[in-house]
Amino acid sequence: MRDTTGAGGSAVKKATTSTNKFAKLNRLRELEMKMNEARKLNHAELVAEDERKKRPSNYESKRKWLEWEQEQEEKKKECSAKGEDFERVKLLEVSADAAERWDRKKKKKNPDTGFADYEQATFRQYQRLTKQIKPDLQQYEKQGQKLGDDFYASSDTLGLQDHKDSEEAIDKMVTDLEKQIEKRSKYSRRRTFDEEADIDYINERNMKFNQKLERFYGKYTSEIKQNLERGTAV
């Protein structure tokens with residue numbers, strides 16, 4: 001009989017070696033594919049980061065604002081197509097907590113940013129005074145019933161000068177004017193130029209500096225200054 005054990009074992013060994021080699025090649029190919037994929041992702045992220053750096057600082061906020069405007073325009077079109085009021089639909093989406101926070105924030109906000117010009121100052125004063133007005137609706141209705149059609153004056157209405165303000169309304173106006181005068185008296189005004197004061201400065205900046213020195217050290221140097229002016233200084 002022929003001994004085939006050695007030949008069979010050799011064939012099995014060769015098949016196992018070939019299988020291991022094929023598995024290693026597949027593993028190497030997978031690793032190469034993953035490396036190439038990682039290289040592409042890194043390059044894409046590098047390009048995206050460079051693009052982000054080149055964007056303006058307010059890009060994100062501007063993008064969100066444009067997205068919000070686009071969303072609002074789409075909602076407007078939907079409401080218009082359905083025949084609904086967009087403002088009413090928008091208010092329905094606001095929760096009670098959000099509305100309360102917005103109301104508190106609006107009350108805390110101070111629109112007075114300081115003096116800009118006389119027109120804006122007058123307008124702010126008008127807004128403040130009108131907010132303080134508390135109309136007497138009962139008196140309003142009584143006057144309407146008393147005057148009839150003349151209550152709503154037109155170009156042909158006569159006798160408007162016959163109306164007399166009540167003592168309470170006059171007192172209220174006087175009180176308000178006194179408050180305005182008192183508040184105005186506290187404003188800081190530019191000091192008037194004193195022509196009789198000694199000129200010991202060369203320009204306005206030097207004048208302010210000398211005034212500060214006089215304010216802090218004047219009481220200690222007044223005698224020396226007087227002696228220098230008289231020529232009796234030792």
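Let's start with a yardstick: a residue is called buried under 20% relative accessible area, exposed over 50%, and partly exposed in between (1.4 Å probe, protein chains only). Keep in mind that this is a predicted model, where local features need pLDDT of at least 70, side-chain atom pairs count only at pLDDT 80 or more, and totals for chains, interfaces and linings use all residues. Residues are numbered from 1 along each chain as its sequence is written, and side-chain values use heavy atoms, with hydrogens and water left out.

**Exercise 1.** Work out how E67 and R63 pair up, and whether R63 is buried or partly exposed.

*Solution.*
- Start with the rule: a salt bridge is a side-chain nitrogen of Lys or Arg within 4 Å of a carboxyl oxygen of Asp or Glu.
- The side chains of E67 and R63 make such a bridge, at 2.8 Å from N to O.
- Next, look along the chain: the two are four residues apart in helix α2, so about one helical turn separates them. Helices here are DSSP runs (H or I, at least four residues), numbered from the N terminus.
- Now apply the yardstick: R63 has 30% relative accessibility, so R63 counts as partly exposed. E67, at 42%, is partly exposed too.
- Finally, widen the view: E60, R63 and E67 are linked in a network of salt bridges.

**Exercise 2.** Find the salt-bridge partner of E71 and say how far apart the two sit in their helix.

*Solution.*
- The partner is K75, with the closest N and O atoms 3.6 Å apart.
- Both residues lie in helix α2, four residues apart, which is about one turn.
- For accessibility, E71 comes out at 38%, partly exposed, and K75 at 24%, also partly exposed.
- A search of the whole structure gives five salt bridges.

**Exercise 3.** Name the residues of the nonpolar surface patch, then decide whether Y220 is buried or exposed.

*Solution.*
- Patches take residues with over 30% relative accessible area and no salt bridge; like charges are joined within 9 Å, nonpolar side chains (Val, Leu, Ile, Met, Phe, Trp, Tyr) within 5 Å.
- The members are F209, L213, F216, Y217 and Y220, with about 600 Å² of accessible area together. Such areas come from the Shrake-Rupley method with a 1.4 Å probe, and for residues only the protein chains shown count as cover.
- Y220 is part of helix α8 (residues 204-230).
- Y220 reaches 59% relative accessibility, so Y220 is exposed.
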